[in-house]
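I opened my notebook to look up a few things in this structure. Here is what I wrote down, entry by entry.

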Amino acid sequence: LISKTLSFAFAMPMFTSATVSVTVGKYQMFAILRALIASFTAISEIRLANALTSQTLAVLVWIMLLTSAGMYHAAPAFLPSATVMVCFMNCMVEQLHKNMDRAIVWGLVSCLMTGWPFCAVLFIPLGFQAVYCAYRDGHEKNTSKRMENGLVQVAHLL
């Protein structure tokens, strides 16, 4: 029961909006949910392109994002893979901004919210970078406090 509950946890914000609107039919609600997921993906793509420091690289990323059929079809899909994709983009944004706490929490949200343990492979380089940055900066003693700060910051974003 717990594994099935966790595997559909990515859809919880959508179900709360579904219970509020009583007059909307099934097909309209499905379209609204897909539009919300696509909007969240578009916002994540904008954040990713704006996080890049090089103007040339940002333009190239925009061209690749606009012309890729996979992103276009995966964005409104009501699937856990679309949620993993969006969480990974947000993780990369926080990693580019040097906010390792938020990046780690986005990785945790991606793995735990979708119920896909194999998507954790995406975040292995993030773990190595976080350990390297912690020892480089001398923050290895404050790991629990940094994790708590990251959870609070991501909760404000959600």
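**A surface patch**

I started with V59, which sits in helix α4 (residues 55–67). The model I am reading is a predicted one. Is V59 buried or exposed? I found that V59 is partly exposed, at 41% relative accessible area. I then looked at its company: V59, L60, I63 and M64 make up a nonpolar patch on the surface. Together these residues have about 370 Å² of accessible area.

**The cysteines**

Next I asked how many disulfides there are. The count is zero. I wanted to know why C111 and C119 do not count. A disulfide is a covalent bond between the sulfur atoms of two cysteines. The cut-off here is 2.5 Å between the sulfurs. The cysteine sulfur closest to that of C111 belongs to C119, and because the two are 3.7 Å apart, they are too far for a bond. Looking from the other side, C119 has the sulfur of C111 as its nearest cysteine sulfur and is in no disulfide. I also checked their surroundings: C111 is buried at 17% relative accessible area, and C119 is buried at 5%.

**The aromatic pairs**

Last, I searched the whole structure for aromatic pairs and got two. One of them is F88 with F123, an edge-to-face pair. Their centres are 5.6 Å apart and the planes meet at 65°. Where do these residues lie? F88 is in helix α6 (residues 80–96), and F123 is in the loop between α7 (100–114) and α8 (124–137), so the pair ties together parts 35 residues apart in sequence. I noted that F88 is partly exposed at 25% relative accessible area, while F123 is buried at 10%.

Methods:
Residues numbered from 1 in each chain as written. Predicted model: local features only at pLDDT ≥ 70, side-chain atom pairs only at ≥ 80, totals over all residues. Heavy atoms only, no water. Buried < 20%, exposed > 50% of the residue type's maximum accessible area, 1.4 Å probe, protein only. Patch = residues over 30% accessible without salt bridge, like charges linked within 9 Å, V, L, I, M, F, W, Y side chains within 5 Å. Areas by Shrake-Rupley, 256 points an atom, 1.4 Å probe, with all protein chains shown as cover. Salt bridge = Lys/Arg side-chain N within 4 Å of Asp/Glu carboxyl O. Helix = DSSP H or I, 4+ residues; strand = E, 2+ residues; numbered from the N terminus. Phe/Tyr/Trp six-rings, centres within 6.5 Å; stacked < 30°, edge-to-face > 60°.
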